[in-house]
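Open the model and turn it slowly. We will walk through its pockets, its ligand and a few unusual spots along the chain.

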Amino acid sequence: MLLDGHKIAQAIHAEIKDVLQKLATHARKPCLACVLTTKHPASASYVQRKIKACHEVGIESQVFHLQPHCTKELLDFIDKLNLDPMVDGILIQLPLPPHIHLLEVLEKIDPLKDVDGFHPLNAGKVLLQDPTAFNPCTPLGIKVLLERYEIDITGKHVVILGRSNIVGKPLAALLMQDAPGCNATVTVAHSKSTYLKELTRTADILVAAMGRPKAVEADWVKEGAVVVDVGINRVEALASKSGYKVIGDVDFENVKNKCMAITPVPGGIGPMTIAMLLKNTLKSYYLRNKLQLP
Ligand code: NAP
């Protein structure tokens, strides 16, 4: 079975659009502010997709192009966005230029506007299962995609390949929660883990988030497992107009015949991540306006 993230994301967009259409006509719309700090084409294209999705559902958006000479310049700008009552969500597109201090920047964002869920306060709230937490968008997108396909992970062994702060660690924290759609037994592996293949073969649900093109081969996967491919790897493709194509961390063609369900790349976790960004922006709008969450 193909876990079609694009289709599910479109359904979630429609649900958000519906909620926004029911807001009082005089009420202002939620607003997402995106900040770009590099001229990296991939970053620009990610931001473009996020803005397009906002537009589709009726969320206002703003894009700011900064080329900060120092961390303080970016921190001052974030302060302005923090204080702007019209801005509900603040997204600082990563990666930052190498001279900018990432943690200082993430800590500066008002936790109530932290729609990427990267602020340490939100990371802590996720661990403590606080319902006001902003979950990082990719882990939340994975959980919601599994739920929408009615894949019950209760008591199942989830193996996550990758321990980054934006995917692996928060996904582990989310899926092990004592909450609906969670309750998994989670193992997190990384580049220093040994006997990786033996480990992944024990996974009922295998999540690949390493940034290693086609690293997960068929013999890494248990028969009938669910495979979630988070990887986005740009590889050269001379036949393509752009000169590259995007592939995942999983050898899709060979793994698909062995597993019960699999996400494609593109069209799997990528669109779900954007859908969760919209959901988080809506959540921020409701929390900041002290409204009952829909
Ligand atoms: P990252 O920060 O580079 O982390 C990669 C993780 O994979 C690290 O924990 C690393 O281990 C581990 N790793 C690398 N090679 C490995 C190997 N051979 N065996 C086992 N573990 C290995 O990357 P990230 O930001 O988490 O992103 C991972 C991938 O997901 C990338 O392709 C990225 O583009 C993609 N991504 C997609 C979305 C989406 O919306 N679909 C969102 C975010 C990221 P160490 O910690 O030991 O170095």
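How does the lining of the largest pocket divide by class into nonpolar, polar and charged residues? This is a predicted model, so every value here is computed from predicted atoms. In that lining, 26 residues are nonpolar, 15 are polar and 7 are charged.

Now look at the pocket itself. The largest pocket holds about 1400 Å³ of space. It is lined by 48 residues. Find Tyr46, Arg49, Ile232, Gly270 and Thr273, the lining residues closest to its centre. Several elements give two or more residues to this lining. The helices are H1 (5–21), H2 (41–57), H6 (137–148) and H10 (269–288). The strands are S3 (89–92) and S9 (244–247). H2 gives the largest share, with 9 residues.

Next, step back to the domains. The chain is assigned a domain 1, covering 25–110, and a domain 2, covering 137–270. Their C-alpha centres are 28 Å apart. Where does the largest pocket draw its lining from? Domain 1 and domain 2 each provide at least three of its residues.

Now turn to the ligand. Around the ligand are 20 residues. Those that come nearest are Arg163, Ser164, Ser191, Ile232 and Thr273. Two of these names should be familiar. Ile232 and Thr273 are also among the residues closest to the centre of the largest pocket. By class, the shell around the ligand has 8 nonpolar, 10 polar and 2 charged residues. H10 supplies the largest share of this shell, 3 residues.

Which atoms of the protein lie 2.5 Å, 3.0 Å and 2.9 Å from oxygen atoms of the ligand? Start with Ser164. One of its polar side-chain atoms is 2.5 Å from a ligand oxygen. Go on to Ile232. Here a polar backbone atom is the partner, 3.0 Å from an oxygen atom of the ligand. Thr273 uses its side chain: a polar atom there lies 2.9 Å from a ligand oxygen. How much of the ligand does the protein bury? On its own, the ligand exposes 920 Å², and the protein buries 71% of that.

A second pocket deserves a visit. The second largest pocket has a volume of about 620 Å³. Its lining counts 25 residues. Leu140, Lys279, Asn280, Lys283 and Leu293 are the closest to its centre. H1, H5 (120–127), H6 and H10 each give at least two residues to this lining. H1, H6 and H10 appear in the list for the largest pocket as well. By class, the lining of the second largest pocket has 13 nonpolar, 4 polar and 8 charged residues.

How many cavities of 30 Å³ or more does the whole structure hold? The search finds 1. The largest cavity has a volume of about 40 Å³. Its lining is made up of Ile90, Ile92, Leu94, Leu106, Ile109, Asp114, Asp116 and Phe118. Sorted by class, that gives 6 nonpolar residues, no polar ones and 2 charged ones.

Stay with Leu94 for a moment. Besides lining the cavity, Leu94 is joined to Pro95 by a cis peptide bond, with omega about 5°. Pro95 sits in the loop between S3 and helix H4 (102–108). Where is another cis bond? Look between Val265 and Pro266, where omega is near 0°. Pro266 lies in the loop that runs between strand S10 (261–262) and H10.

One last stop is Gln129. Its phi is near 60°, a positive value in a residue other than glycine. You will find Gln129 in the loop between H5 and H6.

Methods
Residues are numbered from 1 along each chain as its sequence is written. This is a predicted model: local features need pLDDT of at least 70, side-chain atom pairs count only at pLDDT 80 or more; totals for chains, interfaces and linings use all residues. Side-chain values use heavy atoms; hydrogens and water are left out. On a 1 Å grid over the protein atoms alone, a cavity is a set of points where a 1.4 Å probe fits but cannot get out, and a pocket is an open set with protein on both sides within 12 Å along at least five of seven lines; lining residues have an atom within 4 Å of a point. Grid points are joined across faces, edges and corners, and a volume is the space filled by probe spheres set on the points. Helices (H or I, at least four residues) and strands (E, at least two) are DSSP runs, numbered from the N terminus. Ala, Val, Leu, Ile, Met, Phe, Trp, Tyr, Cys and Pro count as nonpolar, Asp, Glu, Lys and Arg as charged, and the others, Gly among them, as polar. Domain bounds come from an automatic or database domain assignment. A residue is near a molecule or strand if one of its heavy atoms lies within 4 Å of it. A polar contact is a pair of N or O atoms within 3.5 Å; within protein, one must be able to donate a hydrogen and the other to accept it, and residues adjacent in sequence count only if both atoms are side-chain atoms. Accessible areas come from the Shrake-Rupley method with a 1.4 Å probe; for residues, only the protein chains shown count as cover.
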